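Trainee: I've got a protein model open and I'm not sure where to begin. Could we walk through it together?

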Amino acid sequence: MATIKHHRDSSNIVQFRGRGVRAQLREALDARAPVQLARERVAPGWVHGSIIGLSAEFCLVAEVSDAMHFDGFLVVAVSDVSAVEQDPGREFVEKALLMNAATIPEMPGFRLDDWHTIAESAAAHTPLVSLNMLDEEDGEVSYIGRLTGTEHDALVLQEVDPNAHWYPDTGAYEFAGIGSIGFGTAYMLLLARIAGVPPVPAPAGEFSA
(Lines give C-alpha, C1' and ligand atoms only; values in the text may rest on other atoms or scores of the structure.)
Protein backbone atom coordinates (compact mmCIF):
# COMPACT_ATOMS: atom_id res chain seq x y z
CA MET A 1 0.00 0.00 0.00
CA ALA A 2 1.38 3.38 -0.97
CA THR A 3 2.06 5.85 1.80
CA ILE A 4 -0.13 8.95 1.60
CA LYS A 5 1.91 12.12 1.97
CA HIS A 6 0.58 15.56 2.70
CA HIS A 7 2.24 18.94 2.67
CA ARG A 8 3.64 19.44 6.17
CA ASP A 9 2.06 22.73 7.15
CA SER A 10 3.56 23.75 10.49
CA SER A 11 0.42 25.75 11.28
CA ASN A 12 -1.51 22.46 11.48
CA ILE A 13 0.87 20.91 14.00
CA VAL A 14 -0.05 21.34 17.65
CA GLN A 15 2.82 20.67 20.01
CA PHE A 16 2.17 19.34 23.47
CA ARG A 17 3.19 21.79 26.16
CA GLY A 18 4.96 19.39 28.51
CA ARG A 19 8.71 19.60 28.86
CA GLY A 20 10.19 16.32 27.78
CA VAL A 21 8.83 13.35 25.87
CA ARG A 22 7.30 11.57 28.84
CA ALA A 23 5.37 14.67 29.90
CA GLN A 24 4.09 15.05 26.34
CA LEU A 25 3.05 11.40 26.24
CA ARG A 26 1.13 11.96 29.49
CA GLU A 27 -0.67 14.92 27.88
CA ALA A 28 -1.50 12.76 24.86
CA LEU A 29 -2.84 10.03 27.15
CA ASP A 30 -5.04 12.52 29.01
CA ALA A 31 -6.24 14.22 25.80
CA ARG A 32 -7.14 10.95 24.05
CA ALA A 33 -6.39 12.79 20.82
CA PRO A 34 -4.95 11.34 17.60
CA VAL A 35 -1.18 11.68 17.76
CA GLN A 36 1.91 10.83 15.80
CA LEU A 37 5.13 9.55 17.33
CA ALA A 38 8.61 9.60 15.83
CA ARG A 39 11.39 7.19 16.80
CA GLU A 40 14.24 8.58 14.74
CA ARG A 41 16.91 6.36 16.32
CA VAL A 42 14.89 3.21 15.62
CA ALA A 43 12.92 3.60 12.39
CA PRO A 44 11.89 6.28 9.90
CA GLY A 45 8.37 7.63 9.67
CA TRP A 46 5.61 8.09 12.21
CA VAL A 47 3.45 5.88 14.39
CA HIS A 48 -0.17 7.09 14.19
CA GLY A 49 -2.78 6.42 16.84
CA SER A 50 -3.84 7.21 20.38
CA ILE A 51 -1.84 6.74 23.58
CA ILE A 52 -3.86 4.43 25.84
CA GLY A 53 -1.22 3.33 28.36
CA LEU A 54 1.93 4.79 29.89
CA SER A 55 4.49 3.70 32.46
CA ALA A 56 7.87 5.10 33.45
CA GLU A 57 9.58 3.30 30.55
CA PHE A 58 6.94 2.25 28.00
CA CYS A 59 3.84 3.52 26.23
CA LEU A 60 0.97 1.62 24.62
CA VAL A 61 -0.39 2.96 21.33
CA ALA A 62 -3.71 1.99 19.74
CA GLU A 63 -2.73 2.33 16.09
CA VAL A 64 -4.95 3.90 13.43
CA SER A 65 -4.85 2.50 9.90
CA ASP A 66 -5.11 4.45 6.64
CA ALA A 67 -8.72 3.23 6.46
CA MET A 68 -9.41 5.12 9.70
CA HIS A 69 -9.98 2.14 11.96
CA PHE A 70 -8.11 1.21 15.10
CA ASP A 71 -5.94 -1.68 13.96
CA GLY A 72 -3.90 -3.29 16.68
CA PHE A 73 -1.52 -2.08 19.31
CA LEU A 74 2.15 -1.19 19.57
CA VAL A 75 4.30 -0.87 22.69
CA VAL A 76 7.41 1.28 22.38
CA ALA A 77 10.06 2.41 24.82
CA VAL A 78 9.65 6.00 26.00
CA SER A 79 13.41 6.48 25.62
CA ASP A 80 13.11 5.74 21.88
CA VAL A 81 10.44 8.39 21.24
CA SER A 82 12.03 11.48 19.71
CA ALA A 83 8.87 13.53 19.01
CA VAL A 84 5.20 13.58 20.07
CA GLU A 85 2.71 15.71 18.16
CA GLN A 86 -1.02 15.94 17.76
CA ASP A 87 -1.82 14.47 14.36
CA PRO A 88 -1.81 17.34 11.85
CA GLY A 89 -4.96 15.80 10.35
CA ARG A 90 -6.64 15.51 13.74
CA GLU A 91 -9.96 17.00 12.64
CA PHE A 92 -10.26 14.58 9.74
CA VAL A 93 -9.09 11.58 11.77
CA GLU A 94 -11.60 12.22 14.55
CA LYS A 95 -14.47 12.66 12.08
CA ALA A 96 -13.45 9.59 10.09
CA LEU A 97 -13.17 7.40 13.19
CA LEU A 98 -16.60 8.62 14.29
CA MET A 99 -18.03 7.85 10.83
CA ASN A 100 -16.55 4.35 11.07
CA ALA A 101 -17.97 3.93 14.59
CA ALA A 102 -14.42 3.35 15.80
CA THR A 103 -13.91 4.10 19.48
CA ILE A 104 -10.60 4.24 21.30
CA PRO A 105 -9.87 0.74 22.65
CA GLU A 106 -9.45 0.25 26.37
CA MET A 107 -6.82 -2.12 27.78
CA PRO A 108 -7.35 -2.11 31.55
CA GLY A 109 -4.77 -4.03 33.51
CA PHE A 110 -2.26 -4.14 30.67
CA ARG A 111 1.17 -4.27 32.33
CA LEU A 112 3.95 -2.04 31.03
CA ASP A 113 6.70 -2.91 33.53
CA ASP A 114 9.18 -4.52 31.13
CA TRP A 115 9.28 -6.52 27.89
CA HIS A 116 8.44 -9.69 29.83
CA THR A 117 5.18 -8.39 31.31
CA ILE A 118 4.32 -6.55 28.07
CA ALA A 119 4.61 -9.75 26.02
CA GLU A 120 2.59 -11.75 28.56
CA SER A 121 -0.13 -9.07 28.67
CA ALA A 122 -0.29 -9.02 24.87
CA ALA A 123 -0.42 -12.82 24.66
CA ALA A 124 -3.32 -12.83 27.12
CA HIS A 125 -5.36 -10.69 24.68
CA THR A 126 -4.45 -12.21 21.31
CA PRO A 127 -3.00 -15.46 19.91
CA LEU A 128 -0.04 -13.89 18.10
CA VAL A 129 2.48 -11.20 18.98
CA SER A 130 5.03 -9.43 16.82
CA LEU A 131 8.50 -9.04 18.30
CA ASN A 132 10.06 -6.20 16.34
CA MET A 133 13.79 -6.62 16.72
CA LEU A 134 16.32 -3.84 16.21
CA ASP A 135 18.27 -4.15 12.97
CA GLU A 136 21.09 -1.87 11.83
CA GLU A 137 19.99 -1.89 8.19
CA ASP A 138 16.19 -2.15 8.38
CA GLY A 139 15.44 -0.40 11.65
CA GLU A 140 13.22 -3.22 12.90
CA VAL A 141 12.59 -6.76 11.69
CA SER A 142 9.34 -8.41 12.80
CA TYR A 143 8.99 -11.98 14.04
CA ILE A 144 5.38 -13.08 14.51
CA GLY A 145 4.32 -16.03 16.55
CA ARG A 146 2.96 -17.54 19.73
CA LEU A 147 4.64 -16.66 23.00
CA THR A 148 5.60 -19.98 24.59
CA GLY A 149 7.65 -18.78 27.55
CA THR A 150 10.44 -16.59 28.81
CA GLU A 151 14.06 -16.93 29.80
CA HIS A 152 15.98 -14.70 32.19
CA ASP A 153 16.99 -12.38 29.32
CA ALA A 154 14.71 -13.33 26.42
CA LEU A 155 11.22 -14.11 25.14
CA VAL A 156 10.60 -17.52 23.58
CA LEU A 157 8.45 -17.53 20.44
CA GLN A 158 7.08 -20.23 18.16
CA GLU A 159 6.95 -18.43 14.84
CA VAL A 160 4.43 -18.62 12.05
CA ASP A 161 5.56 -17.80 8.51
CA PRO A 162 3.81 -15.44 6.01
CA ASN A 163 1.91 -18.41 4.55
CA ALA A 164 0.45 -19.22 7.99
CA HIS A 165 2.65 -22.29 8.49
CA TRP A 166 3.99 -22.94 11.97
CA TYR A 167 7.68 -23.50 12.54
CA PRO A 168 8.31 -26.76 14.41
CA ASP A 169 10.66 -25.24 17.00
CA THR A 170 11.03 -22.06 19.01
CA GLY A 171 13.50 -19.20 19.14
CA ALA A 172 14.71 -16.98 21.97
CA TYR A 173 14.64 -13.21 21.37
CA GLU A 174 16.75 -11.20 23.77
CA PHE A 175 15.18 -8.29 25.61
CA ALA A 176 18.10 -6.04 24.67
CA GLY A 177 17.31 -6.44 20.96
CA ILE A 178 13.59 -5.65 21.11
CA GLY A 179 12.56 -2.34 19.52
CA SER A 180 8.79 -2.71 20.01
CA ILE A 181 6.05 -5.28 20.45
CA GLY A 182 2.91 -5.31 18.30
CA PHE A 183 -0.28 -7.32 18.60
CA GLY A 184 -3.96 -7.46 17.71
CA THR A 185 -3.81 -6.22 14.12
CA ALA A 186 -6.34 -7.50 11.58
CA TYR A 187 -3.46 -9.13 9.70
CA MET A 188 -2.22 -11.04 12.74
CA LEU A 189 -5.72 -12.13 13.72
CA LEU A 190 -6.30 -13.55 10.23
CA LEU A 191 -2.85 -15.17 10.25
CA ALA A 192 -3.74 -16.92 13.51
CA ARG A 193 -7.09 -18.13 12.17
CA ILE A 194 -5.55 -19.59 9.02
CA ALA A 195 -2.55 -21.12 10.84
CA GLY A 196 -4.80 -22.93 13.30
CA VAL A 197 -3.61 -24.83 16.33
CA PRO A 198 0.21 -24.85 16.51
CA PRO A 199 2.11 -28.13 16.82
CA VAL A 200 3.89 -28.88 20.07
CA PRO A 201 7.26 -27.19 19.52
CA ALA A 202 10.59 -28.90 19.76
CA PRO A 203 12.85 -27.58 22.56
CA ALA A 204 14.35 -24.15 21.92
CA GLY A 205 17.65 -24.30 20.11
CA GLU A 206 20.63 -22.01 20.19
CA PHE A 207 19.02 -19.36 17.98
CA SER A 208 18.53 -15.89 19.40
CA ALA A 209 17.78 -12.59 17.71
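Trainee: What percentage of the 209 residues in the protein is buried?
Mentor: Keep in mind that this is a predicted model. A residue counts as buried when its relative accessible area is under 20%. By that cut-off, the buried share of the 209 residues is 47%.

Trainee: And which elements make up the chain, and in what pattern along the sequence?
Mentor: The protein has 4 helices and 10 strands. Read from start to end, they give α-β-β-β-β-β-α-α-β-β-β-β-β-α.

Trainee: In what order do the 10 strands sit in the sheet?
Mentor: Don't expect the sequence order here. The 10 strands form an open sheet with antiparallel pairing. Going across that sheet, the order is 5-1-2-3-4-10-6-7-8-9.

Trainee: Which strands stand at the edges?
Mentor: Look for a strand with a single partner, because one side of such a strand is left without a neighbour in the sheet. From one strand to the next, the twist averages 45°. The two edge strands are strand 5 and strand 9.

Trainee: Let's zoom in on strand 1. How many of its residues are buried?
Mentor: Check both faces. In a regular strand, side chains alternate between the two faces of the sheet. On one side of strand 1, Val35, Leu37 and Arg39 are buried, and on the other so are Gln36 and Ala38. That makes the count for strand 1 5 of 5.

Trainee: Which residues stand opposite Ala38?
Mentor: Strand 1 has antiparallel partners to look at: it pairs with strand 2 over 5 bridges and with strand 5 over 4 bridges. A hairpin through 3 residues links strand 1 to strand 2. Opposite Ala38 you'll find Trp46 in strand 2 and, in strand 5, Ala83.

Trainee: Gln36 caught my eye. Which side chain does the side chain of Gln36 make a polar contact with?
Mentor: Gln36 belongs to strand 1. With a relative accessible area of 3%, Gln36 is buried. Its side chain makes a polar contact at 2.7 Å, and the partner is the side chain of Glu85.

Trainee: Why does Leu131 count as buried?
Mentor: First find Leu131 in strand 6, residues 129–135. Leaving out residues up to four places away in sequence, Leu131 touches Val141, Ser142, Tyr143, Leu155, Leu157, Tyr173, Ser180 and Ile181. Leu131 counts as buried because its relative accessibility is 0%.

Trainee: How far apart in space are Leu131 and Ile178?
Mentor: Strand 6 runs antiparallel to strand 10 (residues 178–183), with 5 bridges joining them. One place to see that pairing is Asn132, which stands opposite Ser180 in strand 10. Leu131 and Ile178 are 47 residues apart in sequence, yet their C-alpha to C-alpha distance is 6.7 Å.

Trainee: What about helix 3: what angle does its direction make with that of strand 10?
Mentor: Helix 3 (residues 115–125) packs on the sheet, touching strands 3, 4, 6, 7, 8 and 10. Those strands are also among what covers its buried residues, which are Trp115, Thr117, Ile118, Ala119, Ser121 and Ala122. Its direction makes an angle with that of strand 10 of about 15°.

Trainee: At the start of helix 3, which residue has a side-chain oxygen that reaches to the backbone nitrogen of His116?
Mentor: Start from the backbone nitrogen of His116 and look for a side-chain oxygen within 3.2 Å. The residue supplying that oxygen is Asp114.

Trainee: Which residues touch the most other members of the largest nonpolar core?
Mentor: That core has 32 residues. Strand 3, strand 4, helix 2, helix 3, strand 6, strand 8 and strand 10 each supply at least two of them. As for Leu60, its contacts beyond four places in sequence include Phe73, Val75, Met107, Phe110 and Phe183. The core residues touching the most other members are Leu60, Val75, Phe110 and Phe183.

Trainee: Last one: how much area does the protein expose?
Mentor: Think about which atoms supply the exposed area. Carbon and sulfur atoms supply 53% of it. The exposed area comes to about 11400 Å².

Definitions and conventions:
Residues numbered from 1 in each chain as written. Predicted model: local features only at pLDDT ≥ 70, side-chain atom pairs only at ≥ 80, totals over all residues. Heavy atoms only, no water. Buried < 20%, exposed > 50% of the residue type's maximum accessible area, 1.4 Å probe, protein only. Areas by Shrake-Rupley, 256 points an atom, 1.4 Å probe, with all protein chains shown as cover. Contact = heavy atoms within 4.5 Å. Pairing = 2+ DSSP bridges. Polar contact = N/O pair within 3.5 Å; in protein donor to acceptor, adjacent residues only side chain to side chain. Axes fitted to C-alpha atoms, helices over the stretch in contact; angles between N-to-C directions. Core = buried A, V, L, I, M, F, W, Y, C linked by side-chain atoms within 4.5 Å.
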